[in-house]
Structure formats: structure tokens, C-alpha cells
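Colleague: I would like to learn how to read this model, feature by feature. Can we begin with the empty space inside, then go on to the cores and the sheet?

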Amino acid sequence: MTTIATHPSPGAEFGASPRAALLARLLDPAEVVMFDGAMGTMLYAKGVFINQCYDELVLRAPDLVREVHAAYVKAGAEVVETNTFGANRAKLTQYGLEGQVALINRRAAEVAREAAGESRLVAGAVGPLGVRLEPYGPTSKDDARAMFAEQMTALADGGADCFVLETFGDLEELEQAVLAAREVKASMPVIAQATVGPELRTAYGASPEDVARALDTWGVDVIGLNCSVGPQTILEAIERMAAVTSRKLSAQPNAGMPRDVGGRSMYMASPEYMATYARHLVQAGAKVVGGCCGTTPEHTKAMVEGVRPLAPRTRVLVGETRNAGSPDVGQARTPVPMAERSRIGAKLAAGDFVTSVEIVPPRGIDTTKLEQDAAALAKAGVDAINVPDGPRAQSRMGAIATSLIIERHGIEAVTHYACRDRNLLGMLSDLLGASALGLRNMLLITGDPPKMGPYPDATAVFDIDAIGLTNLVSKLNKGLDPGNNPIGEPTRFVVGVGVNPVAIDPAHELKRFHWKVEAGAEYAITQPVFDPAQLESFLESIHDVRIPVIAGIWPLVSARNAEFLANEVPGVTVPPEILARMRNANDRSKEHAVAEGIAIAREALERVRGAVQGVQVSAPFGKIELALDVFQG
């Protein structure tokens with residue numbers, strides 16, 4: 001992490017105007033400064049539906065936004081935040097507004113200034129990008145910093161006095177926002193606020209102390225927390241932050257936790273309750289206080305009155321303040337050698353040829369056939385059974401549960417694990433549980449979108465993709481969670497990824513494969529291969545990052561089956577000559593078609609045997625005897 005120079009001490013550079021004097025107070029560790037409250041809550045109350053872009057209202061309905069700012073000024077707020085929490089390029093693209101980033105942010109600052117006048121400060125509000133950064137997503141740190149800088153440049157041009165970076169759950173992303181702020185205007189004060197949940201952790205597992213130490217190291221002017229939880233939890237977190245930093249602290253809690261009332265989310269904390277906790281927050285060390293979701297000008301007025309009698313209070317540090325380096329993180333442990341993690345891992349590590357059969361989980365809860373097939377494959381000497389995770393967005397038994405059932409029969413499972421259905425926290429929970437239950441072999445995939453399956457209206461999560469998931473599992477193998485917090489005993493996963501040798505965009509597929517290897521992939525399984533020459537060409541293209549590759553083999557059973565794979569299954573290419581062979585065989589009889597499909601699969605297996613370290617043979621329509629016929633050939 002980068003160390004950033006501390007903002008200069010307030011002084012003559014601010015001049016003697018009311019705004020300059022207030023800006024000096026904002027930077028004075030002993031002075032209490034009051035921020036405003038929620039913007040979105042107020043706009044929603046004024047009839048703006050939530051499916052609209054609230055940030056664009058500064059162009060479409062500036063009077064509405066100005067009225068909200070003016071109400072907070074009247075209530076006693078000394079700093080008003082621009083209506084730009086989501087006005088970055090990544091989020092505005094969702095509304096087709098990516099070309100108006102500069103216009104929206106500059107106008108938002110101007111509208112806020114019109115309401116604030118010259119006796120109040122305007123804080124340029126900057127929220128997260130809403131995309132995952134490397135190593136858990138496709139957005140690079142440089143790209144993230146550029147998007148933050150684009151937004152902040154326009155806010156500064158519009159007249160913002162300071163930046164408030166708020167509601168960040170990822171310290172890596174927050175660091176890029178801080179760097180962008182210093183690049184745009186090094187003299188402009190920066191308030192940086194993370195958000196924690198009820199368990200006092202960010203979404204990536206950072207504690208309040210981790211947040212304080214990191215922001216202290218990066219030299220931001222005010223360190224704080226906002227959103228997510230109510231004032232009681234924020235108070236506890238502020239008390240912990242005050243013990244490890246001498247920086248000025250800020251706190252902008254929600255008006256309690258939202259509750260469902262008549263189908264609407266309502267925040268139940270009263271203005272009087274918020275005023276009480278505003279006093280507690282100041283007494284705990286927070287000298288910048290305001291409100292977040294659910295708060296209104298009434299809450300702000302009560303909080304202003306509540307903190308007015310309080311005198312400045314000096315914080316006493318417990319231990320030494322960190323002045324350099326990264327925040328404390330867990331020490332990464334050396335992963336268990338792959339050969340010691342599983343039998344498949346041992347064979348891959350030794351360079352031995354691995355055999356596996358893919359069986360799709362059952363649609364219901366009857367596992368009789370699954371268990372019979374697992375026992376038969378174990379008896380036949382197959383090394384493993386591959387278990388897809390909702391392939392083609394079908395609703396089936398979960399891959400983890402299916403894998404555990406399979407492993408009762410003495411054969412290892414290779415568990416496919418998809419990003420489609422789970423957020424980052426759900427994935428972490430699943431993976432820790434899978435490891436504790438003894439699963440070791442994972443194939444990490446992004447997953448097919450729901451629109452491919454029978455439930456097209458189902459919501460896809462895709463919190464991270466296969467590259468981010470590979471980073472996550474690799475960290476778990478080193479004993480760390482996504483926030484670099486130690487989990488104790490490391491997991492022992494053998495980390496596999498998918499790859500498509502015949503992708504429509506081979507350059508993009510090759511780039512993603514390189515990223516997967518860089519993230520920690522230890523082996524790869526290909527999509528079904530019907531043209532060995534294409535696989536050989538792909539293997540040559542990855543010679544610089546070669547990890548063990550297991551080739552996917554699919555025994556076709558009919559011409560219709562071949563045409564379905566060729567035309568309706570993403571990532572699968574069936575060459576014209578293979579389609580022709582299957583059609584000719586199908587014309588003779590169904591039996592000839594099955595025999596021809598097995599012959600094609602055997603030819604592919606023999607052709608690729610010397611180039612790969614194993615094969616995964618699919619069992620079409622659950623017929624494992626067809627897969628075994630391929631091996632017996």
C-alpha cells in the first residue's frame with residue numbers, strides 16, 4: 001500500500017473568510033463540525049422513484065436537490081455533501097450517462113454551493129465504483145483511480161471545498177480514491193470513511209482498527225465511518241479507532257437499522273435518539289458528526305443541539321500510532337504442498353495421468369442412482385467424479401452436497417463452484433464449510449447466466465468472477481480471508497479453473513487464463529474437445545504459464561445431441577466433419593450413432609493423451625457406461 005503525504009496544517013493559506021475559517025476548523029483536531037444527513041432518503045420522500053438515477057437529478061431537477069441542501073443548512077449543518085455518491089463512470093454507465101460524468105459532478109457542486117452560500121462548506125461526495133477491483137475482479141487499480149479522479153476533478157471545478165470518500169467496504173478501493181484525491185488537488189482536505197456491519201467488520205473483513213491504521217498511514221485528514229449500521233455500533237467502532245490513531249475522527253451513522261413497514265424500508269431511530277448518540281460519539285473522540293441513510297433535517301437539528309454544549313476532548317492513545325507501512329494484517333502461511341492435499345493433487349503433482357467422469361447432480365433429493373454410479377466408477381478405477389454447479393443455469397442439487405455424497409463411496413469429487421448464485425460473503429462461508437467437511441478438489445467457474453435456464457427471471461449475483469474467486473481460494477489456502485485476516489488452519493484446496501481452447505475471442509480467453517494462473521490456479525479443465533488440433537494449438541499458446549491441463553471429452557450419442565452442443569451450449573465447438581460423421585451414423589441406427597460418438601471420443605482421448613495430464617469424460621444423460629466405454633477403448 002502507498003504512503004501518502006499528510007495534508008498541510010491549516011493556516012494562513014485559508015485566509016479569513018467564513019468558509020476559510022470553517023475549513024480550518026474542519027482540520028483542527030479539537031473542533032466539532034456538523035455534517036448534513038441523507039440525500040437519497042429525502043429525495044425518495046419527495047416522490048423520486050428508486051429506479052431513477054438520483055445523481056442525474058442535479059441536471060433534471062436541480063431545484064429539488066437544492067431544496068434538500070437548503071433544509072440541512074437551515075437545520076444547522078455546517079457541511080453539505082454533493083448529490084454525487086454514485087456519480088462515477090462505472091455507475092453512471094448503467095444508466096447510459098457515462099458521457100456526463102463531468103457535467104453531473106460539476107453541476108452538483110454548483111447546486112450545493114448555491115444552497116450553502118459562503119458560510120458553509122461543500123463536500124464533494126464520492127462513493128465506491130460498484131465494481132470489483134483486482135485481484136477479486138476485472139477492474140485494475142489504475143482504472144479505478146482514473147474513474148475516481150475524473151469525478152473529483154469535476155467536483156473541484158464546481159467549487160467543492162473538500163472531498164468526502166464514504167461507504168467503502170474495500171480498503172484497496174478506498175486507497176485508490178485517496179490517491180486520486182491527492183492527484184486531483186493535493187491541497188484539498190480529504191475525509192475518508194469506511195462502512196462496517198453489525199459485527200464491526202467491513203465486507204472484506206477489516207476491523208475498525210485496520211481501517212484507522214490504513215487511513216492514518218495514507219495521510220487523510222479525517223478518518224471515519226458511515227452508513228450500514230445505527231449509531232450504537234458506530235459508537236463502539238469509533239471507540240476502537242480512537243485508541244489507535246491521533247487523526248481527527250468522523251461518524252455518520254444511519255438512523256438505526258431499516259425495518260420493513262408496509263412494504264417500505266423505514267429507519268426507526270428518532271431525532272432525539274440520534275442526538276443522544278451524537279453526544280456519545282463526540283465524547284468518544286469523533287469531532288466530525290453527521291447522518292447517513294434515514295436521517296433528515298429534523299435529525300440534523302437535534303444532533304446540532306445535542307453536541308452544542310460539549311467541550312473539546314483530547315484522545316489518549318493506547319500504544320503507538322502507525323506512521324508507515326500497511327495496516328496490520330495476518331501473516332500468510334505457506335500452503336500445504338499440493339501432493340498432500342488430495343489424491344488428485346498428488347497425481348497432478350507427480351505428473352501422473354488423471355481420469356475423471358462428469359456426473360450432473362440429481363434434480364431432486366433421490367440420490368440412489370448417484371450413489372450407485374459413484375460406487376461403479378470407484379470400482380472401475382476412475383480417479384474422480386466431476387460435479388457441475390447448476391450447469392446451463394439448471395436447478396439441481398448443490399455441488400457441495402452432491403460431492404460429499406459421492407465421497408462416501410471411496411472416490412474423490414472435483415467440485416465445480418460458480419459465482420453466479422452467491423455474494424462474496426456467501427462464497428467465503430461455503431468454502432470454509434466445504435473445507436471443514438473434507439472437500440479438497442475445486443474447479444472455480446464464473447457460471448452460466450440465469451437467462452440460459454428455466455428460470456430466466458432469477459437474479460444472478462456475480463459479486464466476483466472466476467478470477468476473483470481463484471484469488472479468494474488461494475488466500476484461504478494461505479490461511480487468510482479476503483481482508484487478510486487470519487482464519488487459523490489454512491484450507492487445503494487443489495485449485496482448478498475452466499478454460500475454453502476454442503473460445504470465440506481467443507485473445508480474451510488467453511488473457512483471462514493468464515490472470516487465473518497469476519491468481520493461483522494449479523490446474524485447468526477444458527470445455528469438451530472435439531477437434532484435438534485446436535487443443536494442441538491452445539496448449540502451445542500457454543506454454544509460458546503452463547499448469548496441468550485436463551481435457552474435456554464428450555461422447556456424442558446422436559446427431560441431434562451433436563447439433564445441440566454445437567448450436568446451443570456456450571463454449572462448445574463441434575467441427576463440421578464431426579457433425580457429418582454423426583449424421584451419417586444416425587441415418588443407419590441409434591446404435592450406430594452411439595458407437596460412432598464413442599469412437600470419436602476415443603480418438604480424441606488418444607490424440608491428446610500425450611499433450612495433457614488427464615481427461616474428464618462426460619456421462620451424457622447420466623449414462624456412466626458410455627464414459628467407461630471411452631476409457632476401455
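Modeller: Yes. Keep in mind that this is a predicted model. β16 (523-528) and α19 (532-541) make a good start: each supplies at least two residues of the lining of the largest cavity.

Colleague: How many cavities of 30 Å³ or more are there?

Modeller: Rolling a probe the size of a water molecule over the atoms shows where empty space is left. Here the count is 1 cavity of 30 Å³ or more. The volume of the largest cavity is about 60 Å³.

Colleague: Which residues line the largest cavity?

Modeller: The lining consists of N500, P501, V502, Q527, P528, V529, F530, D531, Q534, L535 and T573. By class, the lining residues are 6 nonpolar, 4 polar and 1 charged.

Colleague: Now the whole protein. How many helices and strands does it have?

Modeller: The protein has 23 helices and 18 strands. Its C-alpha atoms fill a box of roughly 90 × 50 × 45 Å along the principal axes. Of its 633 residues, 56% count as buried. Take the contacts with a separation of 6 or more: residues 24 or more positions apart account for 78% of them.

Colleague: On to the cores. Which residues touch the most other members of the largest nonpolar core?

Modeller: In soluble globular proteins, nonpolar side chains tend to be buried together. The largest nonpolar core here has 55 residues, and M152, F163, L165, L174 and I238 touch the most other members. Helix α7 (residues 141-157) gives the most to this core, with 7 residues. There is also a second, separate core of 45 residues, with L370, A374, F513 and V608 among them.

Colleague: Pick one residue. What does F163 touch?

Modeller: Leave out residues up to four places away in sequence. F163 then touches G124, M152, L155, A156, A181, V184, M188, P189, V190 and I191.

Colleague: And the sheet? What is the order of the strands in the open sheet of 8?

Modeller: Strands of a sheet pair through backbone hydrogen bonds, either parallel or antiparallel. This open sheet runs β1-β10-β7-β6-β5-β4-β3-β2, with parallel pairing.

Colleague: Which strands stand at the edges?

Modeller: β1 (33-34) and β2 (79-81) do. Each has a single partner strand, so one side of each is left without a neighbour in the sheet. β1 pairs with strand β10 (residues 286-289) in the parallel sense, over 2 bridges. V33 stands opposite V288 in β10.

Colleague: How many residues of β7 are buried?

Modeller: Strand β7 (residues 248-252) has 5 of its 5 residues buried. Look at the two faces: K248, S250 and Q252 are buried on one side, L249 and A251 on the other. Strand β6 (residues 222-226) pairs with β7 in the parallel sense over 5 bridges. I223 stands opposite L249 in β7.

Colleague: One helix to finish. Why is α12 called largely enclosed by the rest of the structure?

Modeller: Count the buried residues. In helix α12 (residues 297-307), 8 of the 11 residues are buried, so the helix is largely enclosed by the rest of the structure. The buried ones are P297, H299, T300, A302, M303, V304, G306 and V307.

Colleague: What covers the buried residues of α12?

Modeller: The cover includes β1, α2 (40-45), α4 (62-75), α11 (271-284) and β10. That takes us back to the sheet: β1 and β10 pair with each other there.

Terms used:
Residues are numbered from 1 along each chain as its sequence is written. This is a predicted model: local features need pLDDT of at least 70, side-chain atom pairs count only at pLDDT 80 or more; totals for chains, interfaces and linings use all residues. Side-chain values use heavy atoms; hydrogens and water are left out. On a 1 Å grid over the protein atoms alone, a cavity is a set of points where a 1.4 Å probe fits but cannot get out, and a pocket is an open set with protein on both sides within 12 Å along at least five of seven lines; lining residues have an atom within 4 Å of a point. Grid points are joined across faces, edges and corners, and a volume is the space filled by probe spheres set on the points. Helices (H or I, at least four residues) and strands (E, at least two) are DSSP runs, numbered from the N terminus. Ala, Val, Leu, Ile, Met, Phe, Trp, Tyr, Cys and Pro count as nonpolar, Asp, Glu, Lys and Arg as charged, and the others, Gly among them, as polar. A nonpolar core is a set of buried Ala, Val, Leu, Ile, Met, Phe, Trp, Tyr and Cys residues joined through side-chain atoms within 4.5 Å. Buried means under 20% relative accessible area, exposed over 50%, partly exposed in between (1.4 Å probe, protein chains only). Contact means heavy atoms within 4.5 Å. Two strands pair if DSSP finds at least two bridges between them.
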